[in-house]
Every structure is written in C-alpha cells, then in structure tokens.
Amino acid sequence: MPNMSLKKVPMPEQDPQVRNRNFSEVALGYTEEMAIEEAQRCLNCKHRPCMSGCPVNVRIPEFITLIAAGEFEKAYEKIYETNSLPAICGRVCPQETQCEQQCVRGIKGEPVAIGRLERFAADWYMKHITKPVVKSPRNGKKVAVIGSGPAGLTCAGDLAKMGYDVTVFEAFHKAGGVLVYGIPEFRLPKDLVQREIDALKALGVEIRTNMVIGKTLNVDELFEEGYEAVFIGSGAGLPMFMGIPGENLNGVYSANEFLTRINLMKAYKFPEADTPVFRGRNVAVVGGGNVAMDAARSAKRLGADNVYIVYRRSEAEMPARLEEVHHAKEEGIIFKLLTNPTRILGDEKGWVRGMECVEMALGEPDASGRRRPVPKEGSEHVLEVDTVIIAIGTSPNPLIRSTTTGLETNKKGCIVVDENTCQTSREGVFAGGDAVTGSATVILAMGAGKKAAKAIDEYIRAKAQS
Amino acid sequence: MYRILRKEILNPQVKLLEIEAPYVARKAEPGQFIILRVHDEGERIPLTIADYDREKGSVTIIFQEVGATTRLLGSLEAGDAIADFCGPLGVASHFEGVKKAAVIGGGLGTAIAYPQAKKLFGLGVEVDVIIGFRNKDLIILEQEMAKVSNRLFVTTDDGSNGTRGFVSDILKQRIEEGAQYDVVIAIGPPIMMKVVCDVTRPYGIKTIVSLNPVMIDGTGMCGGCRVTVGGETKFACVDGPDFDGHLVDFDELIRRLSIYREDERISLERHACRLGGVLNA
Ligand SMILES: Cc1cc2nc3c(=O)[nH]c(=O)nc-3n(C[C@H](O)[C@H](O)[C@H](O)COP(=O)(O)OP(=O)(O)OC[C@H]3O[C@@H](n4cnc5c(N)ncnc54)[C@H](O)[C@@H]3O)c2cc1C
Ligand SMILES: Cc1cc2nc3c(=O)[nH]c(=O)nc-3n(C[C@H](O)[C@H](O)[C@H](O)COP(=O)(O)OP(=O)(O)OC[C@H]3O[C@@H](n4cnc5c(N)ncnc54)[C@H](O)[C@@H]3O)c2cc1C
Ligand code: SF4
Ligand code: SF4
Ligand code: FES
C-alpha cells in the first residue's frame, strides 16, 4: 500500500539562522527510514512520466522501488547505469522543472522527492560500500578532454570505461569546473566532488591541471601529440558586466570572481587560506539566477548585515531554482524585485557607497516570452551598499575558439555541434556542455558528455576500419 | 609539482628562481606571465616570465618579496618544488617595424622589462635601457641589461650610485638630446609608468606599459583584473598585460591595487609567525 501523503517527507536542514553564518551543507539528507517512507509515495507508474523529464533517463520507478524495499546498494547501481554523478545531481538538479515536474503525484500535492531519494542512495552507497574499481582493458587509443566540469568528467569516465586512455586538460589547479569554483560548499560539499574525481582517476583517467588550452597547448597540438579525438567541455566562464557607470569601483565583483575566491580559493577561511575576499556589510547582488542566489547566500555567510537581490523582473520570471529562492529568503536575503541598477556610486576613495536603481514595470512579452521590464520614470532611488556583485550571466570564453582553426561558433560564441553526436565543424573535435549551450545545468552538461563519448567511440572505430 | 632548478639572490628583496616547466617553456614569449601557487592552500599570484630555456624546459621568474606569498616563495631553495605553475598567459609583446626603442624599468619592473629588451636587441633594434632604483643596494640585472642594450643608464633616487634622478628624467633628457624612439616600453610601479607616459605624450612617442592588477585565474573568467584603457574595460590577463600607456587610466589601476591592503597585512603577519626565522633572516 503506497504512502498517500500529499507532502514529501521533509528533509532535515540546518536552522536558517545558524546556517547563514556557516558554510556547511544546508540540507542534511534523509535517514534510511525517511527514504523508505518517501519511496513508498511512488506509484511505480507503468508509463513512467517522470523518466521523460530526466535528461539522462534515470530509471526512476525502478530505483525508487529498490529504496522502498531497503535495497539501497541496488538502488544506487540502478541510478548509476545512466547517471555517473548521482550524489551531485541529487543535490543540484532543478528537479522541479525536470523529473519531478512530470511526476503524477504532483498533480494533487507534491511530487515524489526524486532528487532527495537519488541523493540518499548515492550518499548511502558512498558511506557503506567500497568496491575495487575494475579498470577496463586498454584499447591503446588516446582521447583528450578539455575542461573538467561535469561535461568533461562524464565524457572522460565513459571513454575510460570503454578502454580509452583519456587525458583531461584543466586550466585551473583543481578539477571540477563550476562544481568546485562556482557552486558553494553549503549546497555541494567539495569532498563529494573530489570523490567523484578520485573515482575517475581510479578508472585510469589522467587529469592534467594548469593546462590552459589555447595558451599552454592548442587543439592542433593535441592531435600532434597522438590524441585521436578531442572533446571540448570548457564551459561558459566569461562574466558579463552591465556597462553602467561605476562598475570598476573597489567593491564591485563579478559573481565568478566572488564565488571563485570563496569556493576554489577558500577565502571564507581567510587568513588560514591565503586568498582574501572583501567582506561587505551591505551587499547588492544583481541578477535572479542560481548564481545570484549563491553569491547572496555566500555574502550573508561572510557576515554581511544586509544582502539584497536586485532583479529587474518579478519573482515569477526568476530563473533560479525555487528551492534556492526559498532557502535564500529563509536566510534573510532581501529581494528587491522589479528593480534595475542604473549606476554605482563611489566615495572619494573610489569604494562603492551605493547603487542607484530604478523601479520597473512589466510590459509586453519579449523574444524570450517573458514580459519585458520597462523603467518607471522618476523612480530613481539609491540602495546604500558597500559591495555590488554582478550575476547577470556568462558566455563561453573565446580562448579556444580563437586558437582553433575550422571551429564554427555562433554569434554568442557558443560552439556549433551536431545535436545527435556533439560533433563540431572540425573533424575529430567534439564539444558539449555550457561551451555549446551557454550557461545551462549540470545534468545537461553530463548528458552531452555521455553522448559525445559514444560518438567519439564510433568515430575512432570507423576511422580504424577505413 | 614543479621543481626549482636554480635560485639566485639579486638583492635582499629580489630573488630569481629557475623552474622546471617544459610546457610553459615551449610556448613562452616576452611579455607573457605565469600564475603560480606555492602550496595547496596558497594564493594564485601572477609573475612575469623573465626568461625561458626551451631545450632545458625551464622558465625563470624574478620577484620582489612584498607580501606573504612572495616571501614564502623566496624562502624556497633549489630542489624544492611548488604546487602549481600555469602559463604562458597574456598576449606576447609585438615589435614589428621598431628600429629604435627605449626600455625603461623602475625597480623590480626591470625584471619584467628584461625579456622585452632582450627580444628587441635580438631583433637588431637599437635599444636604450634606462633603469632606476631607490638606492644602489637595490640595483638588479645591471650586467644582464648591459648585454642587451646599446646604451644603459642606471639611476637612483638618492644618487647613491653616482647618478641621481628618476628614469623619467633621463628619458626626457634623451628625447631632448634628439634620440628618435619608435617606441618606449615602460615597466614599473603604476605611478612611474604614468609619469613616463606624461613625458612621451607631447612628443607623440608610442609608449607601451605592462599592467599589474590583482589577478586570480589569468584566463578571463573573473574580471578581477579589469582596467580601463581608452575608456573601455579590458581584462589585463587576456587583453594585456601590455597596453598603450597613453590610453590607460592609471589612477583607477592604483586605486584597485589597494583593495586587499588590509588583508595583505594580516596575511603577512600570519606568515611571519609561521616562517619566523626565515623572514627575520
Ligand atoms: C554559481 C553557479 C551555480 C549553479 N547552480 C546550478 C544548479 O544548482 N544546478 C544546475 O544544474 N546547474 C547549476 N549551475 C550551472 C552548471 O554548473 C553548469 O551548467 C555546468 O557546470 C556546466 O558544465 P560544463 O562541464 O559544461 O562546464 P564547467 O562546469 O564550466 O567546466 C568547464 C571547465 O573547463 C575549464 N576550462 C575552460 N577553458 C579552458 C581551457 N581553455 N583550457 C582548459 N580548461 C578550460 C574550466 O576551468 C572548467 O573547469 C550553476 C552555475 C554556477 C556558476
Ligand atoms: C601580469 C603581472 C605580472 C607580474 N610580474 C611580476 C614579476 O615579474 N615580479 C614581481 O615581483 N611581481 C610581479 N607582479 C606582481 C606580483 O604578482 C605581486 O607582487 C604578488 O602577487 C604579491 O603577492 P604577495 O602575497 O607576496 O603580496 P600581497 O601582500 O598579497 O600583496 C602585495 C602587493 O601585490 C599586489 N597583489 C596581491 N595579490 C595579487 C595578485 N593575485 N595579482 C596581482 N597582484 C597582486 C597587491 O596589490 C599589493 O600591492 C606581477 C603582477 C601581474 C599582474
Ligand atoms: S538526474 Fe536529475 S533530472 Fe534525472 S532523475 Fe536525477 S534529479 Fe531527476
Ligand atoms: S511519476 Fe512519480 S509516482 Fe509515477 S513512477 Fe515516477 S516518481 Fe513514481
Ligand atoms: S585574472 Fe580573472 S579575468 Fe583576468
């Protein structure tokens, strides 16, 4: 008899007023009992609507049924068949617009907590099971992967399992991409990411850090070094600024810089870690996506008194995950909606002292289908802040496209690929993840890495036969 | 890990390390830089590629001990290794069509200017090198610079080496004497570069400066290194570090360099405790 409760089994969380002062994980995870109870809410639907919402087709009803039966190890293995990073996806996937949006239990009441159950299975497995890694027999062929974000890591893992010698080239000193430099510790613990990377290394994947492709080596040279195919998973790391006066004042950060200092360089532990970050008392974060929420919640944790999210549309249009918006509010982040910055004001020493904003009203829908914000005349006002963090988006870094001949990109700088194979305009070069789509999601980047691994295998086999 | 092959002490605060980094050495060009971390909790700091040896696979850096990271780096010896060494980053300097050049180094900027002088001299350009220091004990790379220049002028703020004055004074004098420079390359503290640009501006002599804003990644992903050049925002790590000095907003650069002054002091004190003897030596 299924559990017919309309609500998900709640996930234990750190108290908002405690957690907004520390960087430990917010959501604490289900116990075995909670997981079984929640798993029993699944109706094991024959037509599996939930699966159609998952970009990598996790076999959702099967793994949930296994959890309900207490078969946690098997549940994990079921997820792992199609998703190589379940502990990460269970935490950061926008489930509410993917798998859980399609769940029939969501028609009346809350959907099954698919993400939380996925996380539970992965955490349980990590805690209880250590299996020796079985390295596949090597086939003697080399593939290069550029970038160690979810796209690159997934592609590398799949190819290693097929027997390829894979080398991942990463510009930073540490592998993980946005998972380590962008998404904060309190949402995605870094030791968890490190475990996934260690697991890849155990499969035989070599990770070479401090290798900036386009500078240290370029794509042509990778082929000269004997790599038979190249996968580009370099993400979309170039920060956009607003182009308003005052953006170069002291105290104005791109979200990338602010989050990189905190996450990758561990500036929240300064001076134990050597890299500092400016700890503002009153902080404005411009933008309404996950990146903006992460920056705002990080600023609060660094000790700010007031942190504002300044967003030019209304809450309904905010691209951030619902859960993150909810968490941010609980932690005391103040939302200034329908508000747009016009300039940043500095004091006599060139530090930020305020941000001038105008109020907006929503007009006709624009190209994105969302109602276009238009400024209300005479509504200028000043928000008194000492720090401004700009989180209005990123685009792919031009380093690779400007140093690789024959690589077609579109006007946004994204690499153009064949959707089915991730093949670029250049023979032997494949690409996926944010470098192709612009900023998207972890699971889409993983899905692309998987697709590319398969296509690369086919490409190399076909080449060997001809 | 990247091994230190050789260490030289150029003056009490300025040290030279030759580091094994074959991939960086293969591509390095004058004007480019690297980013390193000494250890695993360390800060990423940018340093100019002072020299490289493609065959040996080594890159030389010359740095001044100004804070925690550079002091720690200076405490290492040949045989030790550092955690990370990434590069070459930034755009290489271009000298097409240059026949006569003045290369100016202010203090430690001399180290950053050295590879540029060497490259120009190697291309057959007539090179005047003008280097300046606070006093004679701080003079570095005098012999090296002599080898890559047609004329070398060494000056000190206090006149303790026999020549008193700023590099900009000597440059002005040279220009007034009729030296026809196609280009002036000025590298040193921002204020020195600013003054040199003020000297060359009325003569319309193209002046290249090398900017040193705070950097993290060095690949264009953070924007922390942004500088204003000709009214436009540029990322010094990927668009530079060399820029047309007549277009640079030096006041903004100087201001942005002060962002972490207080943190730098805290960090240095902390390291001073940890390093104790090394630093007091
Ligand atoms: C703050 C923040 C929060 C987010 N929150 C979520 C969330 O909750 N849920 C979600 O699904 N998604 C979220 N995202 C988006 C998600 O992280 C990305 O879509 C995903 O990481 C893209 O993966 P990727 O592998 O394509 O690229 P990335 O993760 O960006 O990895 C690219 C890697 O390539 C390296 N690289 C770049 N250029 C070079 C080069 N020239 N040579 C060598 N290496 C190079 C980079 O250093 C980086 O390590 C968030 C993003 C950010 C920034
Ligand atoms: C492209 C470039 C090339 C450089 N080349 C050389 C060189 O060849 N030799 C040399 O001695 N110095 C060079 N510098 C400066 C050098 O990076 C700083 O001296 C060093 O980072 C100081 O670190 P610290 O921890 O010892 O001192 P801190 O106490 O952290 O800082 C002391 C000073 O260094 C500046 N600084 C601090 N952190 C950074 C950072 N991450 N990036 C840039 N500047 C910073 C600060 O503004 C401050 O004025 C270069 C800087 C740039 C941007
Ligand atoms: S991978 Fe993401 S979308 Fe797929 S089932 Fe898991 S949480 Fe849902
Ligand atoms: S749609 Fe919901 S209830 Fe049905 S199988 Fe999927 S998770 Fe279970
Ligand atoms: S150092 Fe980050 S963009 Fe230049």
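Which residue of β4(A) does V145(A) stand opposite? The answer is F231(A), and the first view below starts from that pair. Everything shown here comes from a predicted model.

**View 1. Two parallel strands of chain A, side by side.** Here we look at strand β1 (residues 142-146) of chain A and strand β4 (residues 229-232) of chain A, which run parallel and are joined by four bridges. Within this pairing, V145(A) faces F231(A) across the gap between the strands. As background, strands of a sheet pair through backbone hydrogen bonds, in either a parallel or an antiparallel way.

**View 2. The whole sheet around that pair.** Step back a little, and β1 and β4 turn out to belong to an open sheet of five strands in chain A, ordered β3-β2-β1-β4-β16 and paired in parallel. At the edges stand β3 (206-208) and β16 (429-431) of chain A; each has a single partner strand, so one side of each has no neighbour in the sheet. From one strand to the next, the twist averages 20 degrees. A helix joins the picture too: α18 (residues 442-465) of chain A packs on the sheet and touches β1, β4 and β16 of chain A. The direction of α18 makes about 165 degrees with that of β4(A).

**View 3. How chain A is split up.** Chain A comes in three parts: domain 1 (16-128), domain 2 (142-237 + 396-464) and domain 3 (240-393). Note that domain 2 is written as two stretches of the chain. Between the centres of domain 2 and domain 3 of chain A, taken over C-alpha atoms, there are 30 Å. Where these two domains of chain A touch, twelve residues of domain 2 are in contact with 13 residues of domain 3.

**View 4. Helices α5 and α8 of chain A, crossing.** Now for helix α5 (residues 72-80) of chain A and helix α8 (residues 114-128) of chain A, whose axes come within 9 Å and cross at roughly 115 degrees. That angle makes α5(A) roughly perpendicular to α8(A). The crossing itself is left-handed. On the α5(A) side, look for F72(A), E73(A), Y76(A), E77(A) and I79(A); they meet E118(A), F120(A), A121(A), A122(A), W124(A) and Y125(A) of α8(A). Sorted by class, the residues of this contact are eight nonpolar, no polar and three charged.

**View 5. Another helix against α8 of chain A.** Helix α2 (residues 32-39) of chain A also packs with α8(A), at an angle of about 145 degrees and with the axes 10 Å apart. This crossing is left-handed. From α2(A) come E32(A), A35(A), E38(A) and A39(A), while α8(A) brings L117(A), F120(A), W124(A) and H128(A). The tally for this contact is five nonpolar, one polar and two charged residues. Keep an eye on F120(A) and W124(A): they take part here, and they also meet α5(A).

**View 6. The antiparallel sheet of chain B.** Over in chain B, five strands make an open sheet in the order β5-β6-β2-β1-β7, with antiparallel pairing. β5 (51-53) and β7 of chain B are the edge strands, each pairing on one side only. Strand β1 (residues 2-11) of chain B pairs with strand β7 (residues 81-82) of chain B over two bridges, and there Y2(B) stands opposite I82(B). With strand β2 (residues 14-20) of chain B, β1(B) pairs over six bridges. Pairs to spot along β1(B) and β2(B) include I4(B) with I19(B) and I9(B) with K15(B). The two strands β1(B) and β2(B) form a hairpin, with two residues between them.

**View 7. The two domains of chain B.** Chain B is divided into domain 1 (2-89) and domain 2 (100-210). Taken over C-alpha atoms, their centres are 24 Å apart. The contact between them uses 15 residues from domain 1 of chain B and 13 residues from domain 2 of chain B.

**View 8. Helices α5 and α6 of chain B, packed together.** Last up are helix α5 (residues 167-176) of chain B and helix α6 (residues 190-200) of chain B, packing at an angle of about 15 degrees with their axes 9 Å apart. That makes α5(B) roughly parallel to α6(B). Their crossing is right-handed. V167(B), S168(B), L171(B), K172(B) and I175(B) of α5(B) meet M192(B), V195(B), V196(B), V199(B) and T200(B) of α6(B). By class, the contact of α5(B) with α6(B) holds seven nonpolar, two polar and one charged residues.

Terms used
Residues are numbered from 1 along each chain as its sequence is written. Chains are lettered from A and ligands numbered from 1 in the order in which they are written. This is a predicted model: local features need pLDDT of at least 70, side-chain atom pairs count only at pLDDT 80 or more; totals for chains, interfaces and linings use all residues. Side-chain values use heavy atoms; hydrogens and water are left out. Axes are lines fitted to C-alpha atoms, for helices over the stretch in contact, and angles run from 0 to 180 degrees between N-to-C directions. Angles under 35 degrees count as roughly parallel, over 145 as roughly antiparallel, 65 to 115 as roughly perpendicular and the rest as oblique. A crossing is left-handed if the near helix is turned anticlockwise from the far one by less than a right angle, and right-handed if clockwise. Contact means heavy atoms within 4.5 Å. Ala, Val, Leu, Ile, Met, Phe, Trp, Tyr, Cys and Pro count as nonpolar, Asp, Glu, Lys and Arg as charged, and the others, Gly among them, as polar. Two strands pair if DSSP finds at least two bridges between them. Domain bounds come from an automatic or database domain assignment.
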